[in-house]
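Open the model in your viewer and keep the selection tool ready. We will go stop by stop.

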Amino acid sequence: MGAGGPSLQREKKESLIQPAPHTKPPFTLSQIKKAIPPHCFKRSLLRSFSYVVYDLSFSFLFYYTATNYFHLLPSPFAYLAWPIYWIFQGCVLTGVWVIAHECGHHAFSDYQWVDDTVGLILHSALLVPYFSWKYSHRRHHSNTASLERDEVFVPKTKSEVPFYSKYFNNPPGRALTLLVTLTLGWPLYLALNVSGRPYDRFACHFDPKSPIYSDRERLQIYISDAGIFAATYVLYRVAMAKGLAWLICVYGVPLLIVNGFLVLITYLQHTHPALPHYNSSEWDWLRGALSTVDRDYGVLNKVFHNITDTHVAHHLFSTMPHYHAMEATIAMKPILGEYYQFDGMPFYKAAWREAKECLYVEPDENSPTKGLFWYRNKL
């Protein structure tokens, strides 16, 4: 169950049909922080590592069961067992991804070197360039909902929408678009900056000279690349020893599910018909951070360490560990009031609705300022 109980979920789900508040809020970040119990900002190295051990133990259990017992099953049951393994393993490894994400925000421990070491190992094992993503993701947090400076899922204006988009604005085209986004979206973003902020030259997360990064960050991009090369070499050796089909079944398909959930979670956190976007004339950090929405993924909220239903709190206080985020969310909601956004629609229905309703942004013609934009869908 998501934050706030079923009655609040229904209330919020209905209220989000209307545009979210977009004027300067009547509270400050410090007032929000004062409403949250101080212990919520404390990081515990032991507790954080317990989640790593917990997730990796389940991952190993699924792996051990699949590789030692599935071949003993009669063929019809084996064909059923592997998809179950893929889903379970993919969900648990998404939780591992989230822990590495915490490391990138310095929310894992009080020691930066511990966070970066754990994050580098976990993300490299999932073929994510840790420092490369850490720095671009930090810029996303610094510029959320800014049409000029946000880093990812930056919506286009109507004039920027490609001419062929109208041919995909139908159920089959929408299904194909979602399929491509969930399967290829993450590697395309890392390699080609697809859906990312436009730069004046080619941007790539694997290129230390990419315009995404400053000069002082470039050395760590090399370290990220080294982590990816090391993980790729291990996978190559495993494929040579066990066979490519074995590697795809045990590792490849779960990784596709991890990547799909990563894109879906991020997309739904920042894409909603009620969320505003701003250009530079109107944007400020607090309103940008509040232009996000908490979602309910059911039991997966816990599997994903509540990154799904405490994302507003995460944007406001990104160094807060995930195991305090739900308590912080409950504490700050009275301060945020209507500025807190929650949608309890099942995530698979929400993905379909947002793909249909949120095609581009246009300026609010009724606003006295011209820096406010809303999602539209009429092509």
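Which residue in β5 does His-277 stand opposite? Select both strands and look across: the residue facing His-277 is Phe-373. Keep in mind that this is a predicted model.

**Stop 1: the sheet**

Select residues 277-278, which form strand β1. Add residues 372-376, strand β5. These strands run antiparallel and are paired over two bridges.

Now add residues 360-363. This is strand β4, and it pairs with β5 over four bridges, again in the antiparallel sense. Find Tyr-360 and look for its bridge partner in β5: that is Arg-376.

You now have three strands on screen. They make an open sheet in the order β1-β5-β4, with antiparallel pairing. β1 and β4 are at the edges with a single partner strand each, so each has one side with no neighbour in the sheet.

Is β5 largely enclosed or not? Four of its five residues are buried, so the rest of the structure largely encloses this strand. Buried here means under 20% relative accessible area.

**Stop 2: the annotated spans**

Select residues 81-341. UniProt, in an unreviewed entry, lists this span as "domain: Fatty acid desaturase". Colour it by secondary structure: the span is 59% helix and 2% strand. Its end C-alpha atoms lie 38 Å apart.

The unreviewed UniProt entry also carries the annotation "transmembrane region" for residues 51-71, 77-101, 175-192 and 244-268. Try two of these in turn.

- Residues 51-71: 90% helix and 0% strand, with 31 Å between the end C-alpha atoms.
- Residues 175-192: 100% helix and 0% strand, with 23 Å between the end C-alpha atoms.

**Stop 3: a nonpolar patch**

Switch on the surface. Select Phe-163, Tyr-164, Tyr-167, Phe-168, Leu-176, Leu-179, Val-180, Leu-184, Leu-188, Leu-192, Val-194 and Phe-202. Together they make a nonpolar surface patch of about 1,200 Å².

Zoom in on one member, Leu-188. This residue sits in helix α7, residues 171-192. Its relative accessible area is 31%, and it counts as partly exposed.

**Stop 4: the largest nonpolar core**

Hide the surface and go inside. The largest nonpolar core has 51 residues. Which of them touch the most other members? Select Trp-97, Trp-186, Phe-261, Leu-268, Tyr-297 and Phe-304 to see them.

Next, show the helices that contribute. α4 (75-104), α5 (112-125), α6 (130-142), α7, α8 (218-242), α9 (244-270) and α14 (347-357) each supply at least two core residues. Which helix gives the most? It is α9, with 11 residues.

**Stop 5: two asparagines with positive phi**

Select Asn-193, in the loop between α7 and α8. Its phi is near 65°, a positive value in a residue that is not glycine. Is Asn-193 buried or exposed? Its relative accessibility is 10%, so it counts as buried.

Finish at Asn-306. Look for it in the loop between α11 (300-303) and α12 (311-316). Asn-306 is not a glycine, yet its phi is positive, at about 60°. Its relative accessible area is 8%, so Asn-306 is buried.

Terms used:
Residues are numbered from 1 along each chain as its sequence is written. This is a predicted model: local features need pLDDT of at least 70, side-chain atom pairs count only at pLDDT 80 or more; totals for chains, interfaces and linings use all residues. Side-chain values use heavy atoms; hydrogens and water are left out. Buried means under 20% relative accessible area, exposed over 50%, partly exposed in between (1.4 Å probe, protein chains only). Two strands pair if DSSP finds at least two bridges between them. UniProt positions are given in the numbering used here, feature names are shortened, and annotations may be inferred rather than shown by experiment. Patches are made of residues with over 30% relative accessible area and no salt bridge: like charges are joined within 9 Å, nonpolar side chains (Val, Leu, Ile, Met, Phe, Trp, Tyr) within 5 Å. Accessible areas come from the Shrake-Rupley method with a 1.4 Å probe; for residues, only the protein chains shown count as cover. A salt bridge is a side-chain nitrogen of Lys or Arg within 4 Å of a carboxyl oxygen of Asp or Glu. A nonpolar core is a set of buried Ala, Val, Leu, Ile, Met, Phe, Trp, Tyr and Cys residues joined through side-chain atoms within 4.5 Å.
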